[in-house]
Amino acid sequence: VPDITVSMPSDASQGTDARRFRLLFDQQRRAVLGYVLRRVDDPEDAADAVAETFLVAWRRLDDVPRGDGARPWLLGVARRVLANQRRGARRHTGLADRLGRELAAQLPTAAGPSATDLLVRRALESLSDDDREILLLAGWEGLSPAEIAVAAGLSGVAARSRLHRARRRFRAELAALGWQADSAGGCGATLDLAKEHTR
Amino acid sequence: MTDALDQLLRDAAPIGDDRVRALRLDSVETELREAIVLYGEHEPESRPARRRRPLHWRLPGLAAAAALAVAAVLAVSLIGGSGTSPERAWAEPALRVANANPRLLIGQPGWTVTRADEFSVREGEMTFRSGSRRVNLFWRPGPHGEWVDDRAHSADRLAPVDVLGAQATVFRYRSQNGGLTALWRSGRYTMELTAGGLSAREYRRVLRSLKAVGVDRWLGAMPPSVVLPADSERVAEAMLAEIPRPDGFELESQTGVRDRYQLGARVAGGVACAWMEQWAEARGAGDPAAAAEAVDAMRTSRRWPILREMNAAGDYPEVLWELADAMRGDPPFPGATPDWVEENYREGLGC
């Protein structure tokens, strides 16, 4: 339990910054939560990561881009928060305890992944951490290369080329596992699972 | 094809946006939001400092490092300008960061700084590499003891090591492939050096070799050098000299500060984009001569000096060469057909 010694709200809770932060939080809370839930299994870890991400945003509110740029910036912070968690630098502030409990109660027990999901996960696991994250920022979070550059701390040039490379490697891994894209090159795709994945 | 891949990925996400939006969390999220506003630290640097409230609950590193791209911090790195040394003048923000932070480098040969993109006056981190070996150095304010306690939850203590006059507590994580980490005090900072892929003996040697250096040397060790605005045009012209260009090709004006890699991508990528555009138009218009001219020009790209230089630092040349191979019908991987090139070259090269 955190040893909170602050007993009175400060003036910061009422000013322009607070209004801007509340708006930012309300607009982006589920984007950050979704990002985190797609990357960690433990609801408490997810809740802590959301809290810490927005703590950083509140502390550095002047650095948070306005408008559409806020989301990739926040996801970049969340990415580093999760990296710190994985490095063992997990901190438990207590601020997100209730959020963690609610998440644990509401998130359904995952049904077993489908054969296709398993295939995709295997292909993802074969990528480097960097390639996988860039691919998922595009595929799961729907970020553009320019937004990926912000979230991943890359230049626009590097983000484009790494996304390109990651897609190519992912595609090659999938193909090795039996996935076949529509040879016409359009949006269609067929999944010709290798036998061992369907048994 | 890219759409199909994206769809496949989206479908495999552990939880989709629709389900995240449907969670009934409004009240607990509002509670969290207000707790952050009330109790979180909030001191925008661009404004007069507010009186700091007591925040005894704040655990070390609660405010995780938010990125401050070092490219922006090291906004200008002038050779021969006026400044703190006869050799160099650094941008004021870079000096501010350098003067405020512990400036450590690894004293053993072969180690170089490969990443320093997350630091501010308050805290920071940087990556050193030597071949395949890599260590990360962190500096953060906050109670040293709490950092040590935090690590002790998930790691076993090894024998301490003396680092720059302080005793570093060394840990080996019980998970994370037995990664090593060490924490020691340096002024108001808690320092931490983490490593994976090093033996304990190697790691101790690296720890003991850490040395404090001056501002110039520290900033000078940062990757990679920047190209000054005034030099950009000249440097770009030099990069272009060895590259075959389509008739009428003109390089866009190169303004702003960037490092050679970024400038090289603009220059070589600009030429490659022009060739690929000609090739794509020629294919559509049934002009084999124009298409062949573009293919032949791109065939020379593996010899373009700027791409060879960039190849050691990043993937841009590799992407460009793959496209060049694929456009002449020599697929670098299955499915890399000329049609695939047409669909992907703009995104791959940033055309």
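Helices, taken as H or I runs of at least four residues, and strands, taken as E runs of at least two, are DSSP runs numbered from the N terminus. Read in these terms, chain A of this predicted model follows the pattern α-α-α-α-α-α-α-α-β-β-α along its sequence. That amounts to nine helices and two strands.

A few overall values help to introduce chain A. Of its 199 residues, 55% are buried. The accessible surface of the chain comes to about 8600 Å², and carbon and sulfur atoms account for 48% of that area. Among the contacts in chain A with a separation of 6 or more, 66% are made by residues 24 or more positions apart.

The interior is a good place to continue. In soluble globular proteins, nonpolar side chains tend to be buried together. The largest nonpolar core in this model holds 55 residues, and A:Phe21 and A:Val36 are the members that touch the most others. From chain A, the elements that give two or more residues to this core are H1, helix H2 (43-59), helix H3 (70-86), helix H4 (97-106), helix H6 (129-139), helix H7 (145-152) and H8, and they are joined by H3 of chain B. The biggest share comes from H2(A), which gives 10 residues, the most of any element. Around A:Val36, the residues touched are A:Ala46, A:Ala49, A:Val50, A:Ala78 and A:Leu82, when those up to four places away in sequence are not counted. A second core, separate from this one, has 44 residues, including B:Ala294, B:Val295, B:Leu320 and B:Tyr345.

Charged side chains come next. Side chains of opposite charge can pair when their charged atoms come close. Over all chains, the count of salt bridges is 27. One of them links B:Glu34 with A:Arg22, with 2.7 Å between the closest N and O atoms. Because B:Glu34 lies in helix H3 (residues 26-39) of chain B and A:Arg22 in helix H1 (residues 16-37) of chain A, this pair joins two chains. B:Glu34 has a relative accessibility of 23% and therefore counts as partly exposed. B:Glu34 also forms a salt bridge with B:Arg33, where the closest N and O atoms are 2.8 Å apart. B:Arg33, in turn, is buried, with a relative accessible area of 12%.

Another salt bridge brings together the side chains of B:Glu322 and A:Arg168, at 2.2 Å from N to O. Here too the pair joins two chains, because B:Glu322 belongs to helix H13 (residues 316-327) of chain B and A:Arg168 to helix H8 (residues 156-177) of chain A. Both B:Glu322 and A:Arg168 are buried. Elsewhere, salt bridges that share partners link A:Arg38, A:Arg39, A:Glu133, A:Glu141 and B:Asp17 into one network.

Two further residues give a closer view of the helices just described. A:Arg165 is found in helix H8 of chain A, and its relative accessibility of 11% means that A:Arg165 counts as buried. Apart from neighbours within four places in sequence, A:Arg165 is in contact with A:Asp131 and B:Asp315. In helix H13 of chain B sits B:Pro317, a buried residue with a relative accessible area of 0%. Its contacts, again leaving aside neighbours within four places in sequence, are with B:Tyr261, B:Leu307, B:Met310 and B:Asn311. B:Ile306 is 11 residues from B:Pro317 along the chain, and the C-alpha atoms of the two are separated by 9.0 Å.

Finally, the covalent cross-links were considered. A search of the whole structure finds one disulfide over all chains. This disulfide joins B:Cys273 to B:Cys351, with an S to S distance of 1.9 Å. B:Cys273 lies in helix H10 (residues 260-285) of chain B, while B:Cys351 lies in the segment after helix H14 (338-349) of chain B, so the pair ties together parts that are 78 residues apart in sequence. The torsion about the S-S bond of B:Cys273 and B:Cys351 is about -90 degrees, which means the disulfide is left-handed. As for exposure, B:Cys273 counts as buried at 9% relative accessibility, whereas B:Cys351 counts as partly exposed at 45%.

Technical notes:
Residues numbered from 1 in each chain as written. Chains lettered and ligands numbered in written order. Predicted model: local features only at pLDDT ≥ 70, side-chain atom pairs only at ≥ 80, totals over all residues. Heavy atoms only, no water. Disulfide = S-S within 2.5 Å. Buried < 20%, exposed > 50% of the residue type's maximum accessible area, 1.4 Å probe, protein only. Salt bridge = Lys/Arg side-chain N within 4 Å of Asp/Glu carboxyl O. Contact = heavy atoms within 4.5 Å. Core = buried A, V, L, I, M, F, W, Y, C linked by side-chain atoms within 4.5 Å. Areas by Shrake-Rupley, 256 points an atom, 1.4 Å probe, with all protein chains shown as cover.
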